[in-house]
2 protein chains.
Amino acid sequence: MRYELYYWPMIQGRCEYVRLALEEAGASYRDVAREEGIGAMTAVLEGAGDTPPFAPPFLKAGRRIIGQTANILLFLGSRHGLAPKAEAGQSWVHQLQLTVTDFVVEIHDTHHPLGPTLYYEDQRAAAKKRTAEFWSERVPKFLGYFEQILAKSGAYVTGRRLTYVDLSLFQIVAGLRYAFPRRMAAFEPNIPGLVALHDRVAIRPNVAAYLQSERRIPFNEDGIFRRYKALDV
Amino acid sequence: MRYELYYWPMIQGRCEYVRLALEEAGASYRDVAREEGIGAMTAVLEGAGDTPPFAPPFLKAGRRIIGQTANILLFLGSRHGLAPKAEAGQSWVHQLQLTVTDFVVEIHDTHHPLGPTLYYEDQRAAAKKRTAEFWSERVPKFLGYFEQILAKSGAYVTGRRLTYVDLSLFQIVAGLRYAFPRRMAAFEPNIPGLVALHDRVAIRPNVAAYLQSERRIPFNEDGIFRRYKALDV
């Protein structure tokens, strides 16, 4: 089956966690709005009948339309060997992904503390305060949590086999490096396990090929991870 | 099996969605930190070994410890008839719950736009701005979405049978009424389906008994839904 993936075509955003999973799995998919424009995405949303997704990203798998990033990964994980086979293991990996999801919201809110509708330029002062708290309190808490798990588990969060959560943690490290190069460089000595995980994921053949392809949208200032000098002191 | 539920004992918070599911199902559970104090919760967290939850709430089910509200509901839903039996239906209901989760973050951020660590009193001006945007943009988007689904589905979000998402939507309506009585009263004419759903859930025998019991912690200004006059203009 060829999946159809739908998301805003100009950013990695929340879709990137899904793209990394599809790429690592070598799954066949089309990134539809990148090929055909946003109109194709709107058409699917409007024709979704009784079960419309709230927002992109969403995945068409045959007749099914699956929304919410972590829910898409839950679906893909068991079908493509990116999650444990036992139900308890799947639940654990999904639980970790939901914690990644929480962190992604807080990363986004560093530049949009007053809400997603206003422009960054209209909330700079608040963004500075939120970013300071993010780096002093929230980054140590979230990344410290995953570091602690990796210290016990080994190469990947569940042990020797890669899961979709490992791909997401790669993206978190890469994104924080892009958005906050100074702050992240100073923080990285605290998270050697996550840095090693990032490097281990980056050289996996399918991931490495994807990262060098045009399918990987570059980081930019419309996505989740934005590089604003004022926030990276 | 008797579940053990763990959460901060003085607030409904994110645990309330789980409590409502356990109560509706008539499941046997102990709300451990309310009975024994926070120390009992910390002890489980510290003894959780290789799979610690990031934060409360978490549920002990035999030897398993399950974290993340939506993940706990995914687990409970299939075991207690609070979700469809088919996998596609379970995925759809979980997807809706993750959208509720997103909304709950935004509700919390109305009073904590600059981050969860600072006090409300230290971020009042930002809270006013965020709350204005929340009511002009985000409430219509989120509640409008669920209203649209209910308009097609019937009594509950999947049709005739109640799911845990319906219980969560009850809590959302009740919470917004508590936190923003003026704004919510003005908004409710836009969401007749959700208001009817709220009323339908409230009179279900197990829910009604729970709401009148001491097991239901009253809304208060330490939880997600806080009544601050300055934010309810």
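**View 1. Helix α4 of chain A meets helix α5 of chain B.** In this close-up, the axes of α4(A) and α5(B) come within 9 Å and cross at roughly 150°. That angle makes α4(A) roughly antiparallel to α5(B). If you like to keep track of handedness, α4(A) passes α5(B) in a right-handed crossing. Who touches whom here? On the α4(A) side look for A:Ala70, A:Asn71 and A:Phe75, which meet B:Ser91, B:His94, B:Gln95 and B:Leu98 of α5(B). Sorted by class, that contact has 3 nonpolar and 4 polar residues, with no charged ones. One thing to keep in mind for every view: this is a predicted model.

**View 2. Helices α4 and α5 within chain A.** Now stay inside one chain, where helix α4 (residues 69–79) of chain A packs with helix α5 (residues 87–111) of chain A. Their axes are 10 Å apart, and the packing angle is about 150°. The two helices α4(A) and α5(A) are therefore roughly antiparallel to each other. The crossing of α4(A) and α5(A) is right-handed. From α4(A), the residues to find are A:Thr69, A:Ala70, A:Leu73, A:Leu74, A:Gly77 and A:Ser78. Across from them, α5(A) offers A:Gln90, A:Val93, A:His94, A:Gln97, A:Leu98 and A:Thr101. By class, the contact of α4(A) with α5(A) comes to 5 nonpolar and 7 polar residues, and no charged residues at all. Notice A:Ala70: this residue of α4(A) meets α5(A), and A:Ala70 is also listed where α4(A) meets α5(B).

**View 3. Where the two domains of chain A touch.** Step back a little and chain A splits, by its domain assignment, into domain 1 (3–79) and domain 2 (87–204 + 226–231). Taken over C-alpha atoms, the centres of these two domains of chain A are 22 Å apart. Each side puts in its share: 13 residues from domain 1 of chain A and 13 residues from domain 2 of chain A make up the contact. On the domain 1 side, the elements giving two or more residues are α1 (16–25) and α4 of chain A. Which of them gives the most? It's α4(A), with 7 residues. The residues on this side of domain 1 divide into 7 nonpolar, 3 polar and 3 charged.

**View 4. The side of chain B that touches chain A.** Here the contact takes 33 residues from chain B and 33 residues from chain A. On the chain B side, two or more residues come from each of β4 (64–67), α4 (69–79), α5 (87–111) and α6 (124–153) of chain B. The largest share is that of α6(B), at 10 residues. By class, this side of chain B has 14 nonpolar, 11 polar and 8 charged residues.

**View 5. The axis that relates the two chains.** Two copies of a chain are related by a rotation about an axis and a shift along it. In this pair, a turn of 180° and a shift of 0.0 Å along the axis lay chain B on chain A, with an RMSD of 0.0 Å. That is the relation of a two-fold axis. To find the axis from chain B, head for B:Pro113: its C-alpha is the nearest to the axis in that chain, 2.6 Å away. And the same surface serves both copies, as 100% of the contact residues of chain B recur in chain A.

Note on methods
Residues are numbered from 1 along each chain as its sequence is written. Chains are lettered from A and ligands numbered from 1 in the order in which they are written. This is a predicted model: local features need pLDDT of at least 70, side-chain atom pairs count only at pLDDT 80 or more; totals for chains, interfaces and linings use all residues. Axes are lines fitted to C-alpha atoms, for helices over the stretch in contact, and angles run from 0 to 180 degrees between N-to-C directions. Helices (H or I, at least four residues) and strands (E, at least two) are DSSP runs, numbered from the N terminus. Angles under 35 degrees count as roughly parallel, over 145 as roughly antiparallel, 65 to 115 as roughly perpendicular and the rest as oblique. A crossing is left-handed if the near helix is turned anticlockwise from the far one by less than a right angle, and right-handed if clockwise. Two residues are in contact if their C-beta atoms, placed from the backbone, lie within 7 Å. Ala, Val, Leu, Ile, Met, Phe, Trp, Tyr, Cys and Pro count as nonpolar, Asp, Glu, Lys and Arg as charged, and the others, Gly among them, as polar. Domain bounds come from an automatic or database domain assignment. Copies are superposed by least squares on the C-alpha atoms of residues with pLDDT of at least 70 in both.
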